[in-house]
Amino acid sequence: MYELFAILILIAAILIGSWRSIHTPRGTKYRVWGIASMLIFAPVFSWLIGRLYGIYEGSGVAVIGVFVIAFPLIFITGV
């Protein structure tokens, strides 16, 4: 059930980011998508991937491990 909410949040973020970056200069587009990836995509997407992997493995430690690895990678990509 929580996975559905995470997917809805990601879809809403993509739609809002696309809407905010239409007809804007290139620097503003990078700024919009960087902020979106740091504040929305990094925590939600890394939690979602970790949760799905944890369900697959059957271990809660796997969720934390994937989150700890994926979150900084996505966050730094946004920077």
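**Notebook: a salt bridge and the helices around it**

I began with charged pairs and found that the structure holds 1 salt bridge. The partners are E3 and R51, and I read 2.6 Å between their closest N and O atoms. I noted that this pair links distant parts of the chain, with E3 in helix 1 and R51 in helix 2, 48 residues apart. As general background, I keep in mind that side chains of opposite charge can pair when their charged atoms come close.

I should record that this is a predicted model, so I looked up the confidence before going further. The mean pLDDT of the protein chain is 92, and 100% of its residues reach 70 or more. Confidence is lowest in helix 1, at a mean of 91, and highest in helix 3, at 93.

Next I asked myself whether E3 is buried or exposed. E3 has a relative accessible area of 15%, and because buried means under 20%, E3 counts as buried. For R51 I found a relative accessible area of 31%, which makes this residue partly exposed. I then listed what E3 touches, leaving out residues up to four places away in sequence, and obtained W47, L48, R51, L52 and I55.

One of these neighbours, L48, led me onward. With the exclusion of residues up to four places away in sequence, L48 touches E3, A6, I7 and L10. I also found L48 in the largest nonpolar core, whose 7 residues are A6, L10, A13, A36, F41, V44 and L48. The elements that give two or more residues to this core are helix 1 (2-20) and helix 2 (26-57), and helix 2 supplies the largest share, 4 residues. In general terms, nonpolar side chains tend to be buried together in soluble globular proteins.

I then went along helix 2 itself, asking which of its residues are buried. The buried residues are V32, G34, A36, S37, F41, A42, V44, S46, L48, G50 and G54. When I looked for what covers them, I found that the cover includes helix 1 and helix 3 (60-78).

My last entries concern the course of helix 2. At F41, which I had already noted as a member of the largest nonpolar core, helix 2 bends by about 45°, and a proline, P43, follows within four residues. After helix 2 comes G58, and I noted that its phi is positive, near 80°.

Technical notes. Residues numbered from 1 in each chain as written. Heavy atoms only, no water. Core = buried A, V, L, I, M, F, W, Y, C linked by side-chain atoms within 4.5 Å. Buried < 20%, exposed > 50% of the residue type's maximum accessible area, 1.4 Å probe, protein only. Contact = heavy atoms within 4.5 Å. Bend = angle between axes of the 7 residues up to and from the residue. pLDDT = per-residue confidence, 0-100. Salt bridge = Lys/Arg side-chain N within 4 Å of Asp/Glu carboxyl O.
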